[in-house]
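Work through these exercises with the structure open beside you. Try each task before you read its solution.

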Amino acid sequence: MPSNEDLKKKLFASVDALLDEEPQLPPPAERARLREAAGMTQLRLAKALETTEQTVKNWENGRSSPRPPRLEAYQRLLEGWAARYPKAAAAVPEAAPPAAHGAPAVAPAPAPQPEPVPQTFTGPTAPEAEAAAPVKAPLAQAAPERPAARPTSSSRRPATRKAAKPAVDPRFPHGPLAVLDGDGSAYGVGGIVLDCPATTVVELVEWTLRESGLGAAKLNRYGKDSDPLIVLTAAAAVKLGLPERLEGHEQRRSLRLPEDHPVVKQVAKAKWQLTQRGFGPWARIYRKAQGRERQCVQLAILSWDALDERSWPGVCEMEPADIARVLGVYATRVITPRGSTAVSGLELMTALRPPTKAVQDPETGNWVSGYNAGSLGTEPMDPAPPEATPEHPVVVNSGWTGGFLNEEAYQWVRSVETLSDEECTLPFAVGLDLNTAFLAAAARLVVGLSAPDHFHAPKFNPKIPGSWLADLSHIELDPRLPSPFTPDGSRPTGPAWYQTHTLAYAQELGHDVHPIEAYLRRETGAYLDPWHDRLKTAYVDTLADMGVTKDLSDVEFLAAMEQHKQKDPALAAVLSAIKATVKGGVGKLRERPQGKHYKEGETWPALSRPTWRPDIRAAVISKARVNMHRKLNNMAKMTGLYPLAVLSDCVVYPSPGESPLDFLPYAASGKPQPGAFRLGPTPGLAKLEGVQTMLWAVDLMEKGLNPARHIKGGDAVLDEGE
């Protein structure tokens, strides 16, 4: 038994050790808040600490932390700012985010506080007012109590496994969403079940806002909270007066209730509104905000195909509690679903980079809505003619005939004439698939934030995002590899438009680049960085929950990947939705017109979005294709192996065995060689896509078919992004 004196010495030693530890910094978001409260730019702070602006950005987004001696200096500065600008005094009312197209305008009323409150108006909007306080009953009497959550045990159908509970926002104690069944049971995240007494859609909306405790906090301090989502099973839809299915339309996106349907009339009679897309598989029902309280609920009707089977495999056949688990994990790790995974991917970009924030007018002292640096702003931007699509008004009205960017994913099959006898005698064709290749390409991707400017005979600069007209047809490359300059892998035949990354790669390969003209953007930024970070974390964490972790050896990784989908079908559906969110979100950046009545030269709804940015889409795909070619080239140098075919992020190699371990390059130490394809669970690393015989692959190649499209078996077709 230690004496009191011994214990005292031990405790003093422990305390001294704590005092000697490196100083602790506030969270990254607080670091940024303090700097902005002091009116300090990142560049000026970087100069004061004798470092780079990018390093300061990394400190403020959590990518890295300073090391001594800058650590102590940075902490001293932050402590000084914290004393001057404490949180309570520095809290600034935030501007309303950008408006949704076509719905009524909303201007949030001031909150009762001594600070001046911004009166923002950002144009036509659906219910976009900030929800800074819990939803309250609109009547004078006390708000009704929220129903107590009851567990899914006893007679309720339980989810097979509960997702890890995130930190609970006191305004939204029951999570972001619920799945409503026909018996009035609303299944939420974490296995809870709420009693919903609603028998009409109007009652459901009012119950959701007043009593359910559903919703999710904003993802960025300048953003907005997510509206609660209620997912209706077929039985719930019928109970609320909705048809079990909608029929009579050729395209799923056209599904909606007619305006004279009783439910639509009920909604209008109760002074609720629908957005322009009407009452379809994803319906948004709202009123104008009262003060700072949002009044908006989103409905998703399962039997109307709200959840696409390709993105959410098997989810519609699950029990309501398991559907809630799948959607809840996705909502917690990505975003509360707001439509298709493509729509959610695009919405996530805006949620993480809101276009506006509250700024103080130096002349009047009033708080107004101002541009949030690094975002795409609130106004749509016309592309340069070569970045647009042939039917775009910019092209049709100008009579543009100068060609277009053709930055697309690979669809290349090697000529059978280039196969050697040694390759043909190898027994297997093995397909490798790069994990979320577009997401990997979005990391630290600098894109244009301003309108394009036209230049003639510019000097090429690989750091400036834009579109360049150049002739790369003189470049001679190995015919056993696809050209890095064209999606089909063929050699360019003359001048063509290229995105910056494509020309930069030509320089990297040792070739001179002399652009003829260019459309370049002066203001730039890594717009997609927070989008990349959130989706990467969601992807890696979901795989880890399925037993595929980053610490596995390559042998263990391949074994884990064989079983991961069977281990937990619910998480497999989440993983599929995350991947679809990446590709669909990138595809939405250049959404084409839809409908048989469209005529060239007319605008279409997507053009009203600031996120209609085909140049950003081209940058992502160009970088992904260049990344793929760089690996193909390094593989050839390290192993002498050449691919048989490439399709988007899948490549097929001839192999002496059925495993990637039989042909991937490893050092003598057993570690993978850098620069080539590597196995692993993170974006940009590879996994096994499928194995077939070499005879099978050659037979497809002779027919002009792509083995990468079918290597998985079952006549699989890869999703190529749009």
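Angles between axes of 65 to 115 degrees count as roughly perpendicular. Keep that range at hand for the first exercise. The model used here is predicted.

**Exercise 1. Two helices**

Task: Decide how α17 and α18 are oriented to each other.

Solution:
- Find the helices. Helix α17 covers residues 554-567, and helix α18 covers residues 569-588.
- Recall what to look for. Two packed helices are described by the angle between their axes and the distance between the axes.
- Take the distance. The axes of α17 and α18 come within 6 Å.
- Take the angle. The two axes cross at roughly 110°.
- Compare with the range of 65 to 115 degrees. Therefore α17 and α18 are roughly perpendicular to each other.
- Locate the meeting residues. On α17 they are His564, Lys565, Gln566 and Lys567. On α18 they are Pro569, Ala572 and Leu575.

**Exercise 2. An open sheet**

Task: Work out the order of the four strands in the open sheet, then find what packs on it.

Solution:
- Write the order: β14-β17-β15-β16. The pairing is antiparallel.
- Mark the edges. Strands β14 (452-456) and β16 (495-499) each pair on one side only.
- Add the twist. From one strand to the next, it averages 25°.
- Zoom in on one pair. Strand β15 (residues 466-471) pairs with β16 in the antiparallel sense, over five bridges.
- Pick one bridge. Ser467 has Gln499 in β16 as its bridge partner.
- Add the helix. Helix α15 (residues 500-508) packs on the sheet and touches β15 and β16. Its direction makes about 105° with that of β16.

**Exercise 3. Positive phi**

Task: Thr436 and Arg444 need a place and a label: is each one buried or exposed?

Solution:
- Start with the backbone. Thr436 has a positive phi of about 35°, yet it is not a glycine. Arg444 is not a glycine either, and its phi is about 55°.
- Place Thr436. It sits in the loop between β12 (428-434) and α14 (437-442).
- Place Arg444. It sits in the loop between α14 and β13 (447-448).
- Use the cut-offs: buried is under 20% relative accessible area, exposed is over 50%.
- Label Thr436. Its relative accessibility is 8%, so it counts as buried.
- Label Arg444. Its relative accessibility is 59%, so it counts as exposed.

**Exercise 4. Across the chain**

Task: Describe the surroundings of Arg325 and Ser608, using neighbours in space.

Solution:
- Place Arg325. It belongs to helix α10 (residues 320-333). At 6% relative accessibility, Arg325 is buried.
- Find its side-chain partner. A polar contact of 2.9 Å links the side chains of Arg325 and Asp568.
- Look along the chain. Arg325 and Ala178 are 147 residues apart, but their C-alpha atoms are separated by 9.4 Å.
- Place Ser608. It lies in the loop between α18 and α19 (614-639). With a relative accessible area of 27%, Ser608 is partly exposed.
- Check a backbone neighbour. A polar atom of the Ser608 side chain lies 2.7 Å from the backbone oxygen of Pro605.
- Look along the chain again. Ser608 and Pro380 are 228 residues apart in sequence, but 5.7 Å apart from C-alpha to C-alpha.

**Exercise 5. The whole protein**

Task: How many helices and strands does the protein have, and what percentage of its residues is buried?

Solution:
- Count the elements: 21 helices and 21 strands.
- Take the burial. Of the 722 residues, 52% are buried.
- Add the surface. The accessible surface comes to about 33100 Å², and 53% of it belongs to carbon and sulfur atoms.

Definitions and conventions
Residues numbered from 1 in each chain as written. Predicted model: local features only at pLDDT ≥ 70, side-chain atom pairs only at ≥ 80, totals over all residues. Heavy atoms only, no water. Buried < 20%, exposed > 50% of the residue type's maximum accessible area, 1.4 Å probe, protein only. Polar contact = N/O pair within 3.5 Å; in protein donor to acceptor, adjacent residues only side chain to side chain. Pairing = 2+ DSSP bridges. Axes fitted to C-alpha atoms, helices over the stretch in contact; angles between N-to-C directions. Contact = heavy atoms within 4.5 Å. Areas by Shrake-Rupley, 256 points an atom, 1.4 Å probe, with all protein chains shown as cover. Parallel < 35°, antiparallel > 145°, perpendicular 65-115°, else oblique.
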